[in-house]
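Take a moment to look over the model below. Then follow it step by step.

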Amino acid sequence: MAKPLALTSGEPAGIGPDITLKAWLRRDELKLPAYYWLGDVSSLERRVKALGLNVRLAEVRAEDASATFAKALPVVPTGKTATASPGHPDDTSAEAAMASIRQAVSDVTAGRAGAVVTNPIAKNVLYHAGFRHPGHTEYLAELAATNGIAPQPVMMLWSPALAVVPVTIHVSLREALAQLSSELIVTTARIVAAELKSYFGIDRPRLAVSGLNPHAGEDGSLGTEDRTIVAPAIDTLHKEGFDIRGPLPADTMFHEAARRTYDCAICMYHDQALIPIKTLAFEDAVNVTLGLPFIRTSPDHGTAFDIAGSGKANPSSLIAALRLAARMADAKPS
């Protein structure tokens, strides 16, 4: 029996509990992989009642989750109580969310789970509680640190229609420009190519690299960064044998014919990558963190406080994240 997936609670006041429950109700119809929810069983019971769903919960150990999954949604407690009501985070929200993430990483590292799947968090809630990371991606890298050295996390948004990677992630545009370097582009592309090969079965990944400036700088007339930062990185990767091209004008990289020419688009900053994939695949895009010693996927949306507890939340992206995590776990090199 395959190891279950460790699914975090996310922000307790958001739609994470809603989509967790809705996905479980479709487990047989969609043949979903077994997963367990990490959090406070009493808070999930309240959400079951609020939504009027016919879901049985079973508090279990991670090791027993797969055997339980068919008849009840397994819940593995984290020791942190969450009292927030739908749409209204409170003082318990941040620690409950972070404890769930820490336990998921601990479970997958110890071999109790096959992968980590994270429900959405509310960064502003975490920041008020002293959280110092820009987001999930950077926090997971810290939890994965060995001897005080954290791996370089790479955020990939994946869907059947498009896969994208932003080289700089959760920072302001001004800070993204300060962070961008040839070295960062090179190390990011190496990680992307290696993990597309290992987990997605692409023997020789085709990478397309966007320019930073409009029209990829227009030969320097719209900015020199594409000649001085992006192009040298691509030259280095060419010499290492990668199938890679660019810098390409970002405004012409994402139409249907262009997408057929590459397996992943590597972009220079957050919105350059995320706007096209959220336009093309909002319901089924999955956030995948590459470069970690474990598998992590997540729905590609936020906490949606405005519809939490209403029954309106769509579980499609979580279902895609669960399926992709299981697929990657099955492909994981031994």
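Which residue in S12 does Val 288 stand opposite? The partner of Val 288 is Thr 297. Keep in mind that this is a predicted model. The strands here are S11, residues 286-290, and S12, residues 296-299. They run antiparallel, and four bridges join them.

Now step back to the whole sheet. Strands of a sheet pair through backbone hydrogen bonds, either parallel or antiparallel. This sheet is open, has twelve strands and shows mixed pairing. Read across it and the order is S3-S4-S2-S1-S5-S12-S11-S6-S7-S10-S8-S9. Strand S3 (57-59) and strand S9 (243-248) are at the edges. Each has a single partner strand, so one side of each has no neighbour in the sheet. From one strand to the next, the twist averages 25 degrees.

Look closer at edge strand S9, where Pro 247 is found. The peptide bond joining Gly 246 and Pro 247 is cis, with omega about -5 degrees.

Next, see what lies across the strands. Helix H5, residues 93-109, lies across S1 (5-8), S2 (35-38) and S5 (115-117). H5 runs at about 140 degrees to S2. Helix H12 lies across S6, S7, S8 and S10, and runs at about 160 degrees to S7.

Which residues of H12 are buried? In this helix, residues 270-280, they are Gln 272, Ala 273, Leu 274, Pro 276 and Ile 277. Their cover includes strands S6 (154-158), S7 (163-166), S8 (206-210) and S10 (264-267).

Helices also pack on each other. Two packed helices are described by the angle between their axes and the distance between the axes. For H9 (residues 182-200) and H10 (residues 225-239), the angle is about 40 degrees and the axes are 8 Å apart. The two helices are therefore oblique to each other. Their crossing is right-handed. On the H9 side, the contact is made by Ser 182, Ile 185, Val 186, Ala 189 and Arg 190. These meet H10 residues that include Ile 229, Pro 232 and Leu 237. By class, the contact has eight nonpolar, three polar and one charged residues.

Finish in the loops. His 215 lies between S8 and H10. Its phi is near 60 degrees, a positive value in a residue other than glycine. With 42% relative accessibility, His 215 counts as partly exposed. Ala 304 lies in the loop between S12 and helix H13 (316-331). Ala 304 is not a glycine, yet its phi is positive, about 50 degrees. At 25% relative accessibility, Ala 304 counts as partly exposed.

Technical notes:
Residues numbered from 1 in each chain as written. Predicted model: local features only at pLDDT ≥ 70, side-chain atom pairs only at ≥ 80, totals over all residues. Heavy atoms only, no water. Axes fitted to C-alpha atoms, helices over the stretch in contact; angles between N-to-C directions. Parallel < 35°, antiparallel > 145°, perpendicular 65-115°, else oblique. Left-handed = near helix turned anticlockwise from the far one by under 90°. Contact = heavy atoms within 4.5 Å. Nonpolar A, V, L, I, M, F, W, Y, C, P; charged D, E, K, R; others polar. Buried < 20%, exposed > 50% of the residue type's maximum accessible area, 1.4 Å probe, protein only. Pairing = 2+ DSSP bridges.
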